Structures are given as structure tokens and as C-alpha cells.
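Subject: The structure I promised you

Hi,

Here is the structure I said I would pass on. Have a look at it first, then read my notes underneath.

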Amino acid sequence: MIPQASLTAALAEKRSDRRIDVLRHIQNCGSISEAARRVGISYKAAWQALDTLSNLAGVELVQRSVGGTGGGGARLTADALLLLEAADAMGHAREQLHVQLEHARQLPAAADSQPRAAGAAGISVATTLARLQVMTSMRNQWPCVVAQLSRSGPLVQVQLQGADAGAPFVLHSHITDESAQLLGLRPGLPVLAMCKATAVTVQAASASCDVAIGSNGWQGAVTRATRGGVVQELAVRLPSGVQLVGFSR
């Protein structure tokens with residue numbers, strides 16, 4: 001039985017960003033390979049983390065010297081140290097937010113309003129805010145829980161199950177082993193699955209459609225259609241209540 005996703009619980013367990021953890025350990029030990037070992041990821045995954053962080057920051061975060069033990073020494077730049085300081089501040093603010101929200105949920109409602117029980121409104125403020133922090137143009141976003149992981153060479157197939165109430169919603173994703181390590185994926189972990197609308201093909205239920213094992217295919221009903229040129233953008237609602245956007249020729 002897969003538990004419902006709760007980003008409030010994720011906040012409570014103080015789950016850290018492994019990319020930031022790589023920086024922290026480089027600061028402590030002066031070695032990328034040793035930092036990877038301490039974080040519990042491969043050397044290649046550690047470099048992927050550093051490349052991603054450098055791209056996001058727009059500046060160099062690690063200076064490497066060739067010839068040191070374990071593939072050369074490394075030290076953080078002043079910008080990397082500032083980034084770690086900011087990450088610490090954000091972690092502290094996240095903990096305070098969690099405490100405040102839990103306190104607010106336990107407060108009695110105002111005298112002129114309906115009595116409020118914890119969660120009675122059907123929304124978790126902490127969960128919703130955490131999901132909104134992910135700024136992306138992808139219109140297909142689904143709260144899920146990791147159900148199963150299976151590795152095949154350099155790739156990992158991740159089977160996800162919809163986190164919200166309703167009929168089962170299952171989808172599969174293929175990512176690199178390095179990405180799975182950096183995300184710290186494990187069964188039961190709440191995640192947010194995202195997909196571009198252009199990656200979703202919609203066709204009539206009467207059309208022949210063979211979905212390979214490990215691929216994604218769902219049946220639903222069109223709720224909105226927008227024609228543009230030779231393609232048509234369609235919004236589809238699945239029996240589980242999940243909504244997605246895709247295109248049809």
C-alpha cells in the first residue's frame with residue numbers, strides 16, 4: 001500500500017538537497033571523490049551535481065587542482081560559500097514555516113466561522129506551497145509517490161503512483177542512474193512528476209494503440225480543445241481525476 005504524499009512530512013524529516021551536500025563535503029574534505037563517497041553517490045553523479053549548480057548560479061563554484069589524492073583536490077569559491085550560507089538560511093526558514101503551519105492547523109476557528117478541524121478543508125498549505133516553489137513552464141504536473149525502482153545499465157526506470165485520492169494513476173519515467181542518486185529516490189518518497197504538453201500524444205480511443213511495458217498510456221475524456229494549424233491542443237481528464245494536456249494531429 002503506497003502512502004499518500006505529504007510534503008509536510010518531507011519538510012519535517014529535513015530532507016536535504018544532495019547537490020548542496022556535495023558542496024558541503026567538498027568544503028570539509030577538499031576532494032570531489034571523497035565528497036561523493038560521503039553523500040553516497042558516484043563520482044560521476046557528484047560532477048553532475050556540480051555542473052548543474054554552476055549552471056544555475058552562473059558562476060564557477062569549485063576550483064580543482066590536478067594531482068591530489070582521489071583524483072585531485074578541490075576547494076570552494078567565495079560564491080559557493082555564499083550559496084551554502086544561503087542554503088542554511090533557507091533550511092532554517094523551512095523548519096520555522098513547518099512549525100508555524102502545524103501550529104496554525106491546531107488553532108480553533110474564529111467565532112464567526114465554521115469550526116475547523118485539521119485538514120478538514122482538504123488542502124495542506126505546506127504541501128501546496130512546496131509544490132508551487134517549482135517554477136516551470138511544464139503544464140503537466142502530478143504529485144506522486146515512488147512505487148518501484150529498477151535499474152537497466154545507465155538508466156533507472158521509476159514507477160510512480162498518484163499521491164492524491166481517487167482511482168489509481170500510474171506512470172513510468174526513465175532517468176539516469178546519477179539523477180536517481182542525486183534525487184535520493186526510494187519507494188514511498190513523495191515527488192512531483194512533470195511532463196511537457198508536447199511530449200503527450202492524444203488520439204481517439206478507437207485508434208490502434210499498443211503501449212509497451214514500462215511506457216505510459218491512459219484513457220480519459222477530452223475536456224477542452226484548441227485548434228492551431230495542423231495540430232490540436234487537448235485537455236484530458238482521466239477517471240482518477242488527474243488532468244493532462246497534450247496534442248493530436
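Below is what I found, starting with the whole protein and then going into helices and single residues.

**The whole thing**

Keep in mind that this is a predicted model. The protein has 249 residues, and 31% of them are buried. If you count secondary structure, you get 7 helices and 9 strands. The accessible surface adds up to about 15400 Å², and carbon and sulfur atoms own 54% of that. Now take the contacts between residues with a separation of 6 or more: 54% of these join residues 24 or more positions apart.

**Three helices that pack on one another**

A quick reminder before the numbers: two packed helices are described by the angle between their axes and the distance between the axes.

Let's begin with helix 2 (residues 18–29) and helix 3. Their axes are 8 Å apart, and the packing angle is about 125 degrees. Angles from 65 to 115 degrees count as roughly perpendicular and those over 145 as roughly antiparallel, so helix 2 ends up oblique to helix 3. The crossing of helix 2 over helix 3 is right-handed. On the helix 2 side, the residues in contact are R18, D21, V22, H25, I26, N28 and C29, and on the helix 3 side they are I32, E34, A35, R38 and V39. Sorted by class, this contact has 6 nonpolar, 2 polar and 4 charged residues.

Next comes helix 3 (residues 32–39) with helix 4 (residues 43–57). Here the axes come within 8 Å and cross at roughly 105 degrees, so helix 3 is roughly perpendicular to helix 4. Helix 3 brings I32, S33 and A36 to this contact, while helix 4 brings Y43, A46, W47 and L50. The classes here are 6 nonpolar, 1 polar and no charged residues.

What about helix 2 and helix 4: at what angle do they pack? It is about 105 degrees, with the axes 9 Å apart. Helix 2 and helix 4 are therefore roughly perpendicular to each other. From helix 2, R19, I20, V22, L23 and I26 take part, and they meet A46, A49, L50, T52, L53 and L56 of helix 4. By class, that gives 9 nonpolar, 1 polar and 1 charged residue.

Some names turn up twice, so try finding them on screen. V22 and I26 of helix 2 are listed in the contact with helix 3 and again in the contact with helix 4. I32 of helix 3 is in the contact with helix 2 and in the contact with helix 4. A46 and L50 of helix 4 are in the contact with helix 3 and in the contact with helix 2.

**Four residues worth clicking on**

*D17.* You'll find D17 in the loop between helix 1 (7–12) and helix 2. With a relative accessible area of 30%, D17 is partly exposed. How far is the C-alpha atom of D17 from that of G184, 167 residues apart along the chain? The separation is 8.9 Å.

*E178.* This residue is in helix 7 (residues 177–183). Is E178 buried or exposed? Its relative accessibility is 11%, and buried means under 20%, so E178 counts as buried. Leaving out residues up to four places away in sequence, E178 touches S42, K44, A45 and Q48. Of these, K44, A45 and Q48 lie in the stretch 43–57 that forms helix 4.

*C195.* Strand 6 (residues 190–195) is where C195 sits. Not counting residues up to four places away in sequence, C195 touches M138, R139, N140, W142 and V200. The C-alpha atoms of C195 and S173 are 10.0 Å from each other, with their positions 22 residues apart along the chain.

*A221.* Look for A221 in strand 7 (residues 221–228). A221 has 43% relative accessibility, so A221 counts as partly exposed. Beyond residues up to four places away in sequence, A221 touches A235, V236 and R237. A221 and Q243 are 22 residues apart in sequence, and their C-alpha atoms are 9.7 Å apart in space.

Have fun clicking around!

How values were computed:
Residues numbered from 1 in each chain as written. Predicted model: local features only at pLDDT ≥ 70, side-chain atom pairs only at ≥ 80, totals over all residues. Heavy atoms only, no water. Helix = DSSP H or I, 4+ residues; strand = E, 2+ residues; numbered from the N terminus. Buried < 20%, exposed > 50% of the residue type's maximum accessible area, 1.4 Å probe, protein only. Contact = heavy atoms within 4.5 Å. Areas by Shrake-Rupley, 256 points an atom, 1.4 Å probe, with all protein chains shown as cover. Axes fitted to C-alpha atoms, helices over the stretch in contact; angles between N-to-C directions. Parallel < 35°, antiparallel > 145°, perpendicular 65-115°, else oblique. Nonpolar A, V, L, I, M, F, W, Y, C, P; charged D, E, K, R; others polar. Left-handed = near helix turned anticlockwise from the far one by under 90°.
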